[in-house]
Amino acid sequence: MDLIKVVEQSFNQNKAANYPEFKAGDTITVTYSIKEGDKDRLQKFKGVVIQISGASPFTKTFTIRKISSGVGVERIFPYESPSIVSIELNKVGKVRRARIFYLRNLSGKKARIREKNHGTAKTEE
């Protein structure tokens, strides 16, 4: 067996099974722990997933983009990072691409992503 696969299986924590399924265009909130000196604190990063890359869960990463004070901020998270506490799915976006880098050039209302309709339309009685 391949040595890399043996090491990956020894570190398999099945933590990723607790994450919700998300894809490019979805808005998620990632809560992760930051170590400052001898203290730990939790910080949330809420934004739009612009790409998911990597084949196996150990090499898989996802990039989240948000606008903070008018400046675009992107952060890359490893999928199996021990610093990630939780991932919350806020909105499911409707996009036609797997990597939505075109958001980097858009601003304002043009940068909005339509929300996917789940068929929860109200019926009139």
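Helices and strands here are DSSP runs, numbered from the N terminus, a helix needing at least four residues and a strand at least two. With that settled, I read the order of elements from the N terminus on as α-β-β-β-β-β. That comes to one helix and five strands for the chain. Note to self: this is a predicted model.

**Entry: how much is buried**

I looked up the burial total next. Of the 125 residues in the chain, 30% are buried.

**Entry: the helix end**

I went to helix α1, which covers residues 3-10. What kind of surface patch do Leu-3, Val-6 and Val-7 form? The patch is nonpolar, and together the three residues have about 260 Å² of accessible area. I picked Val-6 for a closer look, since it lies in helix α1. Val-6 has a relative accessible area of 40%, so I wrote it down as partly exposed.

**Entry: the β3-β4 hairpin**

Now the strands. I found β3 at residues 61-68 and β4 at residues 71-78, running antiparallel. How many bridges join strand β3 to strand β4? I noted eight. To pin down one pairing, I checked Thr-63, and its bridge partner in β4 is Ile-76.

The turn of this hairpin has two residues between the strands. I stopped at Ser-69, which sits in the loop between β3 and β4. What is phi of Ser-69 near? I read a value near 55 degrees, which is positive, in a residue other than glycine. I jotted down the background: most residues other than glycine have a negative phi. Is Ser-69 buried or exposed? Its relative accessible area is 77%, and the mark for exposed is over 50%, so Ser-69 is exposed.

**Entry: salt bridges**

A search of the whole structure turned up four salt bridges. Background for this page: side chains of opposite charge can pair when their charged atoms come close.

I started with Asp-26 and Lys-23, a salt bridge whose closest N and O atoms are 3.6 Å apart. The two ends get different labels when I check accessibility. Asp-26 is at 2% relative accessibility, so it counts as buried. Lys-23 has a relative accessible area of 34%, so it is partly exposed.

Then I moved to β4 and Glu-74. Which residues are linked with Glu-74 in a network of salt bridges? They are Arg-65 and Arg-104. Between Glu-74 and Arg-65, the closest N and O atoms are 3.1 Å apart. The salt bridge between the side chains of Glu-74 and Arg-104 comes in at 2.7 Å, N to O. This second pair links distant parts of the chain, with Glu-74 in strand β4 and Arg-104 in the segment after β5, 30 residues apart.

I checked accessibility for the three members as well. Arg-65 is at 15%, under the 20% mark, so it counts as buried. Glu-74 stands at 31% and counts as partly exposed. Arg-104 is partly exposed too, with a relative accessible area of 39%.

**Entry: a positive patch**

Which residues form the positive surface patch? I listed Lys-94, Arg-96, Arg-97, Arg-114 and Lys-116. I chose Arg-97 to place in the chain: it lies in the segment after β5, and β5 itself is 84-91. Arg-97 has 57% relative accessibility, so it counts as exposed.

**Entry: two distances across the chain**

Last, I looked up two pairs separated along the sequence. Lys-46 is in strand β2, residues 39-53. Its relative accessible area is 47%, so Lys-46 is partly exposed. How far apart are Lys-46 and Ile-87 in space? I got 9.7 Å, C-alpha to C-alpha, for two residues 41 apart in sequence.

The other pair starts at Ser-56, in the loop between β2 and β3. Ser-56 has a relative accessible area of 22%, so it goes down as partly exposed. The C-alpha atoms of Ser-56 and Tyr-79 are separated by 9.7 Å, and the two residues are 23 apart along the chain.

Note on methods: Residues are numbered from 1 along each chain as its sequence is written. This is a predicted model: local features need pLDDT of at least 70, side-chain atom pairs count only at pLDDT 80 or more; totals for chains, interfaces and linings use all residues. Side-chain values use heavy atoms; hydrogens and water are left out. Two strands pair if DSSP finds at least two bridges between them. Patches are made of residues with over 30% relative accessible area and no salt bridge: like charges are joined within 9 Å, nonpolar side chains (Val, Leu, Ile, Met, Phe, Trp, Tyr) within 5 Å. Accessible areas come from the Shrake-Rupley method with a 1.4 Å probe; for residues, only the protein chains shown count as cover. Lys and Arg count as positive and Asp and Glu as negative; His and the chain ends are not counted. The place of a charge is taken as NZ of Lys, CZ of Arg, CG of Asp or CD of Glu. Buried means under 20% relative accessible area, exposed over 50%, partly exposed in between (1.4 Å probe, protein chains only).
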